[in-house]
Amino acid sequence: MLLLRRCRSLTRLQRHQAAPCFASRAVRLCSSSTEDQRSHQRANWSANWKRIVAGVLTGTGAVVTYGLLHQEVEQADAGLPTTERSSSLPVFSHDEVTKHRSLEDGVWVTYKGGVYDVTEFVPIHPGGNKILLAAGGALEPFWALYAVHDQEYVLEILSQYKVGELSAEDLKKQGEAKASDPYSSDPERHPVLRINSKKPFNAEPPPEILTESYITPHVLFFKRNHLPVPQVDPASYRLQVEGLPRGALTLSLKDLKTRFPKHTVTATMQCAGNRRSDMNQVKEVKGLNWGISAIGNAKWSGARLRDVLLAAGFGPDVAKWARHVHFEGLDKDVTGSAYGTSIPINKAMNEDGDVLLAYEMNGEDIPADHGFPVRVVVPGVVGARNVKWLGRIVVSAEESSSHWQQHDYKGFSPGTDWSKVDHASSPAIQELPVQSAITVPADGAQIDRSDETLTVKGYAWSGGGREVVRVDVSLDGGKTWQVAQLRSGDKGQPDEPSPPPGRSWAWKLWELTAPLPPDADELEIICKAVDNSYNVQPDTIPPIWNLRGLLNNAWHRVKVKVTKD
């Protein structure tokens, strides 16, 4: 069946009057693939596989993932070389290209002067609707937004769909009308951050400095962006609050600051993909390769969401008909769709839920990377629900239909793969499980035996307002355990007051100084946290592994060498 599909694709090349020698050579490959050719293709496929699964899924259509895998398999089955190119293809005008803007008429795009018929690729690309937006035009503006496409293996696959060249005259016009980089106005970032992707920007601080401060400075707070950072004028900023049966309430930034009491909450925020790199070591997953630092702790200040909803007319009885509160950001993709998500109405309206419409972070205006001028802070809940650059709130009986609510940030069984995943079968992640990690020493560090003792540091946190009450540390791979000292403030300073039950939103920093085990040349250091519901971290990753690499809270392990001078 795959051979027939490929032959039809090559017939299409002939219809576009590709060079006879190229078409005939391709047909021969299609009809008489030998076992040697198949073996060669399997080797190519094996080499390309690692590059393909390393792609990240940063929003709808942001990267070619399963579609690329599917396409490479088709090429291998059909016996086609993945780098076949032609130097004598027909020339098309821009007007001819624009006639191919649908699946019925064919989907053509241009890229750097080449013309590509990607009709057959659209159905197998998870972001196929984004390709249709580029149909009949240039890919460059779209790849400027979803810059992760600009990789060698993506270009190799695109080359298989080439059917011609754009005329020199139209190519010149296209160059003159080149779209500006939508990321060019992104804020500057601290160079110490370890970058996982530049466009959109995603980065984390080095672990060894993460726990140097109980409150994470905003410049060192992990950055998780799905799209370009929007430029928002605080003077003209307006927040829409909507939902039947009430009308809309429109609030300016000044309204939020003057009409509602200001509340401050110290809360930890963690990405669902924190520690994904450890899952990758068990079996490769799709997503940004976060280390252990996609987490931070800050003081957030702003108006309570509950107060704003009450002012909009949503009284205590709103839960009789509403179940969810939607949030939409001002960051938008090429379709104009905003980043969006939702939380349960009970969390939003609960006085003890402490959900904020925050306009300050650590006592200053929220920086651009963290949601200026207003973001939602939902303590105890996964970072994905803490929508930045907040533009719209909707009270609804239904959960948000956003991609990030319905098709991402969900957990699945270790046995679920991309061929059988059913997003509707799993609930959206809200509260996060108990977590801890070792920030000092680093994995692979060398410890001098003459020091006689070893100091281990790290963080611990649990979602849902559950307080971490203990962190156990082992220096011998889990044979024996010692209890670390916990603190809720900077070293040498008083701890913050104990929070009321169910409202422990901030992490605990922990530390253990212990004698080095005698005669050991290598140590496996492990930490595990326990919260006040006696939830404890699982010991290994395989039972919690999932295809998106989310919710990794297995025991954190580092190995260090013990050396003698």
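## Strands, turns and salt bridges in a predicted model

Ile526 stands opposite Arg557 in strand E27, and this pairing offers a way into the model, which is a predicted one. Six bridges join E26 to E27, and these two strands run antiparallel. E27 also has a connection to E20, this time through three bridges and in a parallel arrangement, with Asp448 having Thr563 of E27 as its bridge partner.

The side chains of E27 itself repay a closer look. In a regular strand, side chains alternate between the two faces of the sheet. Along E27, His556, Val558, Val560 and Val562 point to one face and are buried, whereas Arg557, Lys559, Lys561 and Thr563 point to the other face and are not buried. Two of the residues named in the pairings above, Arg557 and Thr563, therefore belong to the face whose side chains are not buried, given that buried means under 20% relative accessible area.

The loops that lead into these strands hold some backbone details. Between strand E26 (522–531) and strand E27 (556–563) lies the loop that contains Tyr534, a residue with a positive phi of about 60° although it is not a glycine. Tyr534 counts as exposed, because its relative accessibility is 64% and the cut-off for exposed is over 50%. A positive phi, near 70°, is found also at Glu452, again a residue other than glycine; Glu452 sits in the loop between E20 and strand E21 (453–461), and with 58% relative accessibility it counts as exposed.

Two cis peptide bonds can be followed in the same manner. One joins Val440 and Pro441, with omega about 0°, and Pro441 has its place in the loop between strand E19 (435–440) and strand E20 (446–448). Another runs from Phe372 to Pro373, with omega near 10°, and Pro373 is found in the loop between strand E16 (364–365) and strand E17 (375–377).

The loop between E16 and E17 also contains Asp369, whose side chain meets that of Arg189 in a salt bridge with an N to O distance of 2.7 Å. Arg189 lies in the loop between helix H9 (168–176) and strand E6 (194–197), and the pair links distant parts of the chain, 180 residues apart. Asp369 counts as buried, because its relative accessibility is 3%. Together with Asp186, Arg189 and Asp369 are linked in a network of salt bridges.

How many salt bridges does the count come to? The count is 20, and among them is the one in which the side chains of Arg466 and Glu431 meet at 3.2 Å, N to O. Arg466 lies in the loop between E21 and strand E22 (468–474) and Glu431 in the loop between helix H15 (403–406) and E19, so the pair ties together parts that are 35 residues apart in sequence. Glu431 is partly exposed, with a relative accessible area of 45%. In the salt bridge of Arg470 with Asp472, the closest N and O atoms are 2.9 Å apart; here Arg470 is partly exposed at 31%, while Asp472 counts as buried at 5% relative accessibility.

For the protein as a whole, the secondary structure comes to 15 helices and 27 strands, and buried residues make up 55% of the 565 residues. Among contacts between residues at least 6 apart in sequence, 73% join residues at least 24 apart. The mean pLDDT is 84, and 80% of the residues reach 70 or more; over residues 1–86, however, the pLDDT is below 50, and this stretch has 158 contacts in the model beyond near neighbours in sequence.

Notes:
Residues are numbered from 1 along each chain as its sequence is written. Side-chain values use heavy atoms; hydrogens and water are left out. pLDDT is the predictor's confidence in each residue, from 0 to 100. Contact means heavy atoms within 4.5 Å. Helices (H or I, at least four residues) and strands (E, at least two) are DSSP runs, numbered from the N terminus. Buried means under 20% relative accessible area, exposed over 50%, partly exposed in between (1.4 Å probe, protein chains only). Two strands pair if DSSP finds at least two bridges between them. A salt bridge is a side-chain nitrogen of Lys or Arg within 4 Å of a carboxyl oxygen of Asp or Glu.
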